[in-house]
Structure formats: C-alpha cells, structure tokens
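Q: Could you take me on a close look at one strand and what lies around it? I would like a connected walk rather than a list.

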Amino acid sequence: MPKRWLRERERDPYYRQAKKEGYRSRATFKLLQAVKKYRFMKKGDVVVDLGAAPGGWMQAARSIVGEGGYVLGVDIKEIIPLEQPNVKAIEANMMDPRVLDQIMKNLPRKPNVLLSDASPNISGVWDVDHARQIDLAETALEMAIKILRPNGNFFVKVFHGDLLNSFVKKVKSPFKFVKIVKPKVSKSKSSEIYVLAKSFITE
Ligand SMILES: C[S@@+](CC[C@H](N)C(=O)[O-])C[C@H]1O[C@@H](n2cnc3c(N)ncnc32)[C@H](O)[C@@H]1O
C-alpha cells in the first residue's frame, strides 16, 4: 500500500475509532450516523447487507437489531464470521440472478431493511466507475422490490454522475420517502453519497 495512503489512514479519526471499538471498517460509522438521524433500522429487524465485506455494517446492524433481529451479509469476498448466532454471511456475487434464492433460504423471514454499500473495483475512469456503481445500485433496488416487507427500508451507495437522477426516480416509485444522504464520515472529496428510501409500498 502506498506510504502516503497509510499515513492518511493512521491520521483519520474514524479509522482510529473503528480500530479502538473493534469495528471492521470506518464505514461502520456511516451506517450508525445515518440510522441515528433517519431511523430506518430498529430492534428486532431482519437486515440484508449487500457488498458487506469486511463486515463493519453487519456489526453496526447487529448492534441495532439486537438478539431478536437477524443480519445477513453478502459479498464476493469471504467475510470472517461474526461471533453472534443471528449474523450470517454468504460468499456470492449479488449480480448473479441465483443469489436471491440463496438469500431467502438464509433468512428467518422477509427483511425489513435492505442495505448496499457495494462498490465496483475502481478503474479511475470516471464514467465507467459511475456506471458500474449505478449497475450495482439498480440490482440492489430490484432485489429490495422483490424481497422487502411492506413499509421496509432501503439504503444504497451511489456515486455522483449523469445516471444518478434517473436512478433516484426509479427508487421513488415504490417508496413513500426518498432522500439523498451524505454521512459526515464520508470524506468530503469523495463523490460517494447514499440514497435512503423509506416505507416500501407493495401493491
Ligand atoms: C466499501 S466495501 C463494503 C464495506 C462494508 N460496508 C463494511 O462496513 O465493512 C464494498 C464491498 O462491495 C463488494 N462488492 C462489489 N461488487 C460486488 C458484487 N457484485 N457482489 C457482491 N459484493 C460486491 C466488494 O467486494 C467490497 O467488499
């Protein structure tokens, strides 16, 4: 890893806090801050987390849903198991149509919340990375529409860019409330933002 990047990481207060509190990623605080402000996850919820490795959001979600809830993480990379019995992980590609079946087989009931912090490998070519990110976000949205319980919530990472508006429009039709969120933890120079959609409407 480049020395400058390592130095910056060591100076980052959220990286240091995550290490101190035993969280697997600084991203953990993005979810905790967003839930604290917008209240889209609660005790007892069943949560699916797409693009979940190394598992920081799974840890955050478990701390919110408690013993009566359930958290399922999905990633192409292996996720080192968490110690609690109601937190599970599947190693799978979320773009694979068979993953939906795998997810449903591993859940105790339909989820209340679907999260996606999935990111493509960054190529450095802006349009390409934006389009890949939107592809992942659209797949997450399709999944949310198929599996969420009525009134369920959806929280997904996107990058700023040309395709964002049409994505947000798609999110608006099956949810009562949609908002663009930039948690304080997200670095200001990063183009990453999150789309929060609350109260899933089923026909
Ligand atoms: C920013 S990391 C997630 C960090 C996580 N929220 C945490 O707090 O630990 C993004 C993840 O998306 C995963 N990812 C990217 N494309 C994926 C795909 N097609 N299927 C499943 N996971 C994917 C990557 O492997 C990576 O682990």
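A: Both faces of β2 are covered in this predicted model: Y70, L72 and V74 are buried on one side, and V71, G73 and D75 are buried on the other. With 6 of its 6 residues buried, β2 is therefore largely enclosed by the rest of the structure.

Now for the strands that pair with it. Strand β3 (residues 87-91) runs parallel to β2, and the two are joined over 5 bridges. If you want a place to look, find L72, which stands opposite K88 in β3. The pairing of β2 (residues 70-75) with β1 is also parallel and also counts 5 bridges. Here L72 turns up again, as the bridge partner of V48, while V74 in β2 stands opposite L50. To get from β1 to β2, the chain passes through helix α4 (residues 56-65), and this β-α-β crossover is right-handed.

Let's step over to β1 itself. This strand is mostly covered, with 5 of its 5 residues buried. V46, V48 and L50 are buried on one side of β1, and V47 and D49 are buried on the other. Besides β2, strand β1 has β4 as a parallel partner, with 4 bridges between β1 and β4. On that side you can look for D49, which stands opposite L115 in β4.

Helix α6 brings several of these pieces together. Its buried residues pack against β1 (46-50) and β4 (113-116), and also against α5 (99-105), β5 (153-159) and α7 (164-172). The buried residues in α6 are Q133, L136, A137, T139, A140, L141, M143 and A144. You can also check the length of α6 (residues 126-147): at 1.5 Å a residue, its 22 residues should span 32 Å, and the end C-alpha atoms are 32 Å apart, so the two agree.

Finally, the ligand brings us back to β2. There are 23 residues around the ligand, and those that come nearest are A27, G51, A53, G56 and D117. Two elements, α4 and β2, give two or more residues to this shell. By type, the shell around the ligand divides into 12 nonpolar, 7 polar and 4 charged residues. So that you can keep the thread in view: β2 pairs with β1 and with β3, and β2 also contributes to the shell around the ligand.

Note on methods:
Residues are numbered from 1 along each chain as its sequence is written. This is a predicted model: local features need pLDDT of at least 70, side-chain atom pairs count only at pLDDT 80 or more; totals for chains, interfaces and linings use all residues. The expected span of a helix is 1.5 Å times one less than its number of residues. A residue is buried if 20 or more other C-beta atoms lie within 10 Å of its own, exposed if 12 or fewer, and partly exposed in between; C-beta atoms are placed from the backbone. Two residues are in contact if their C-beta atoms, placed from the backbone, lie within 7 Å. Two strands pair if DSSP finds at least two bridges between them. A crossover is right-handed if, with the strands pointing away from the viewer, the path from the first strand over the helix to the second runs clockwise. A residue is near a molecule or strand if its C-beta atom, placed from the backbone, lies within 6 Å of it. Ala, Val, Leu, Ile, Met, Phe, Trp, Tyr, Cys and Pro count as nonpolar, Asp, Glu, Lys and Arg as charged, and the others, Gly among them, as polar.
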